[in-house]
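The exercises below ask for careful reading of a structure, each followed by a solution that goes step by step. Please look at the sequence and the coordinates before turning to the solutions.

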Number of protein chains: 2
Amino acid sequence: MAPQLDGFFKQVDDLSGHFIERLRKAVAIPSISADDERRPDVVRMGQWLADELKALGAEVEQRPLGPQPGKEHLELPPVVIARYGNDKKKRTILVYGHYDVQPAGKEDGWATEPFDLTVDDNGRMYGRGSTDDKGPVLGWLNAIEAHQTAGVDFPVNLLMCFEGMEEYGSEGLDDFIKEEADKYFKDADAVCISDNYWLGTEKPCLTYGLRGCSYYSLEISGPGQDLHSGVFGGTAQEPMTDLVRVLGTLVDTNGKIQIPGIAELVAPLTEEEKSLYGNIAFTMDNLYESLGSQTSIHPDKEKTLMARWRYPSLSIHGIEGAFSQPGAKTVIPAKVIGKFSIRTVPDMQPEDVDRLVFKYVDEQIKKLGSKNTAKCTLQHAGMWWVASPKHWNFTAAGKAVERVWGVKPDLTREGGSIPVTLTFEQATGKNVLLLPMGSSTDAAHSINEKLDRRNYIEGIKLLGAYLHYVAEEEMIN
Amino acid sequence: MAPQLDGFFKQVDDLSGHFIERLRKAVAIPSISADDERRPDVVRMGQWLADELKALGAEVEQRPLGPQPGKEHLELPPVVIARYGNDKKKRTILVYGHYDVQPAGKEDGWATEPFDLTVDDNGRMYGRGSTDDKGPVLGWLNAIEAHQTAGVDFPVNLLMCFEGMEEYGSEGLDDFIKEEADKYFKDADAVCISDNYWLGTEKPCLTYGLRGCSYYSLEISGPGQDLHSGVFGGTAQEPMTDLVRVLGTLVDTNGKIQIPGIAELVAPLTEEEKSLYGNIAFTMDNLYESLGSQTSIHPDKEKTLMARWRYPSLSIHGIEGAFSQPGAKTVIPAKVIGKFSIRTVPDMQPEDVDRLVFKYVDEQIKKLGSKNTAKCTLQHAGMWWVASPKHWNFTAAGKAVERVWGVKPDLTREGGSIPVTLTFEQATGKNVLLLPMGSSTDAAHSINEKLDRRNYIEGIKLLGAYLHYVAEEEMIN
């Protein structure tokens, strides 16, 4: 029997002005985790969030994570954990979000003040953190409040985990989650993370997979210090020459990775999986719009989605140690470090990828016949993640989407990584669902980040409805 | 008849303490031309120099060069021009130097305060500008003073041109020199520039050639903005991939330029020229010491010197627009600009080099089959320069070296460019001599720049003796 949600929905609509004011207050706190000087604002944001949760009747704790690794004078902002409801007869859902934001400044090219939520005539709510991730985090709080005001029983016990360092590598969080998996989080029956985006702008989705990422440095050094190219050009072997020659052998213009053995690590495409891509609401025009160009590799949407979700890719990000400013400088850099990464997919094991990368790079270096010293190292590796979209956690979310948005959601994967997803799955052993609120045009890490009013308000209904369907699924299963 | 120089030499020795104090005062003024905030110090340095010259009885003018191109709120520092002596019976020598310096700060790793001249037990005088180029500039003033004190008649009329923007591209100077060639500089019979270095540490040299430099940008762009490699890796053609693939085809590890036709532009090596290299005081150990490594291309000194002086080289300096910081960033840069330059030699014409470079790069780009946009442009070109070392200007300098240092100087060329050299030659139509004071270990643009006390004091004698031999050459010719 479908849950009775009309009272809750109406209350969300009635409180929509209040919920936008709550988002405005959150956006006004510049909780930039990457900026040491803004650390007090990150802490203040955590405190504000804890206060809001307490006012709603949740039990709240702010857990310290200790000093920041490498910057021991700085304390990491606390993890805000909370519990709302403790009814043994109800299912318990653990939700995750983050209260820190990316850096932002008017001088970067924002059309509005980034920390002043500005709503335009089309209902676009511009502000840093609006969609990533303060809107979704407040979505859970708003859902609680609308239930209370409407007098509708809250359908589950809600465990919450909101961190303040997501935009800076979630420092300290992995250990905390593992530590609390059989303590604070032990009752969790499933996990829901709202920190990603629809594939497009019109159709909601549920996300069940992410690519991993293995990030490499290739350092080549020779001279004892930077040299003048007039004095030494033609007499010294130049590290930069060696580096671009090797980087140039990694991947071709059409994205084909040139490292032997990588393609063979990828899980074969089954006919069943292949048939799924045609139905996804996505067009090449969507891609061109988000690229800002038509410089795509594949001619059709199926190949494009497969390339994004289920095949590896290799990108060359840049070079450290060389001349990188505008203008002209006639330097021969003494030590240059090329940065490249491989997005990984099932069934690639990171250690196999490392082995193949190191072997190939080593061969290319040897071919140069250079006296310079080359060293290829792994900077970090994050594993890919794929969940079962047939689990009741996804079924409930699918029904909630259909109820709120009137369409069945697309089942999607993502090309990027959200490492905490895998951590929650492994630490709790429970199914993890990614349930996005914002759309593909929200510009999460860019200037003019926004969340559409519609996505925020309907998103609050969606999070609430999801919890009701989760409770109902409990009855069925 | 060899000039009578003993009285002058003795006076230089007697005044050596005073001359070192003069250098200390000059080094104390941080006349960093690249730093807008230090511009008043550059102007103060020019004023100090003008005052010193006036005190020695020279006629001095400070000529304004107008606003700095691109930074119109900043006035360029004036050119200090001066005349000492106006005897129609004497030869007139035009000398050039610069009173600005490279940036320097203790935080860069200097062992001493860079603007506090510090003399160690081995007579090494550390300080920014000590060797580049305040020491040599003051050398001319000191030579005048020693003549006056010793009561020795000054052998020539001396025209001086000291600029304050050499370390920032000699902004405005070319036009000034061309303008004054038949005005202030019209009496000049020859030009002498002391702003370079010995090839090693023990043997003086006279320099009669410089390589030119053609500096190129290769810009490749595609997406409308930087992309996230997780989301777009594998679906978009990446400008960085294209760029490293093209840069990797320009030159090999052993410095061989891969652009067809470049080698054919180079003047053939004659047996006569070939025979000159064996006698130059230079060893592979000198090269290894200045490289700080043994990562050389050629196994012997002759090939190394030829590669530095008379063959072109191609260096890749860096990439603008890509990730260049330490750490890891998973960006796909939307627009990247590779910077590379070719050092040019006789008989390479810059326009021929451009044509071959553009054609080759265009072919490499086409091979990629990329939808990205590529654009290769010349940033700037400076012509190579070769003077006749058989001119009386060089003969006089050679005799002066033999008198002061007891050895015949090596005749050398340099791998780098000093564009003002060619400007003086073309504007005045006179022979230009490069007569260095400092040695190869002076670290002109690096931390711990120094000038050896011996090179400074004997250098003052050398500059004075050179003027005497110039005067005598006048009688002979």
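**Exercise 1: a residue shared by two annotations**

A:Asp132 lies in helix H4 (residues 130–150) of chain A, in a model that is predicted. Determine whether A:Asp132 is buried or exposed, and find which residues A:Asp132 touches beyond those up to four places away in sequence.

*Solution.* Begin with the accessibility: the relative accessible area of A:Asp132 is 5%, under the 20% cut-off, so this residue counts as buried. Next come the neighbours, among them A:His98, A:Glu167, A:Asp195 and A:His445, with A:Tyr197, A:Ala444 and A:Glu449 also in the list. Finally, turn to the side chains, where A:Asp132 makes a polar contact of 3.0 Å with the side chain of A:His98.

**Exercise 2: the first annotated set**

UniProt, in an unreviewed entry, places a "binding site" feature at A:His98, A:Asp132 and A:Asp195. Work out why these residues can be said to gather at one spot, and describe the setting of A:Asp195.

*Solution.* The residues of this set span 98 residues in sequence, but no two of their C-alpha atoms are more than 8.2 Å apart, and therefore they gather at one spot. A:Asp195 belongs to the loop that runs between strand E9 (190–193) and strand E10 (205–210) of chain A, and with a relative accessible area of 9% A:Asp195 is buried. Apart from neighbours within four places in sequence, A:Asp195 is in contact with A:Tyr96, A:His98, A:Asp132, A:Asp133, A:Glu166 and A:Ile418. The side chains of A:Asp195 and A:His98 are joined by a polar contact of 3.3 Å, while A:His98 also has the 3.0 Å polar contact with A:Asp132.

**Exercise 3: the second annotated set**

The unreviewed UniProt entry also has a "binding site" annotation that covers A:Asp132, A:Glu167 and A:His445. Which polar contact joins the side chains of A:His445 and A:Glu167, and are these two residues buried or partly exposed?

*Solution.* Start with the spacing: the set spans 314 residues in sequence, yet no two of the C-alpha atoms are more than 9.6 Å apart, so the residues gather at one spot. A:Glu167 sits in the loop between strand E8 (157–163) and helix H5 (173–180) of chain A, whereas A:His445 sits in the loop between strand E19 (432–434) and strand E20 (450–452). A:Glu167 is buried at 13% relative accessible area, but A:His445, at 44%, counts as partly exposed. Beyond neighbours within four places in sequence, A:His445 is in contact with A:Gln102, A:Arg128, A:Asp132 and A:Glu167, and the polar contact between the side chains of A:His445 and A:Glu167 is 3.2 Å.

**Exercise 4: a helix that falls short**

Helix H4 of chain B covers residues 130–150. Compare the distance between its end C-alpha atoms with that of a straight helix, and locate the kink in H4(B).

*Solution.* With 21 residues, a straight helix at 1.5 Å a residue would reach 30 Å, but the end C-alpha atoms of H4(B) are only 26 Å apart. The kink is about 25° and is centred on B:Trp140. As for the surroundings, 18 of the 21 residues of H4(B) are buried, which leaves the helix mostly covered. Just after H4(B), B:Gly151 takes a positive phi of about 70°.

Methods: Residues numbered from 1 in each chain as written. Chains lettered and ligands numbered in written order. Predicted model: local features only at pLDDT ≥ 70, side-chain atom pairs only at ≥ 80, totals over all residues. Heavy atoms only, no water. UniProt positions renumbered as here; feature names shortened; annotations may be inferred. Helix = DSSP H or I, 4+ residues; strand = E, 2+ residues; numbered from the N terminus. Buried < 20%, exposed > 50% of the residue type's maximum accessible area, 1.4 Å probe, protein only. Contact = heavy atoms within 4.5 Å. Polar contact = N/O pair within 3.5 Å; in protein donor to acceptor, adjacent residues only side chain to side chain. Expected span 1.5 Å × (residues − 1). Bend = angle between axes of the 7 residues up to and from the residue.
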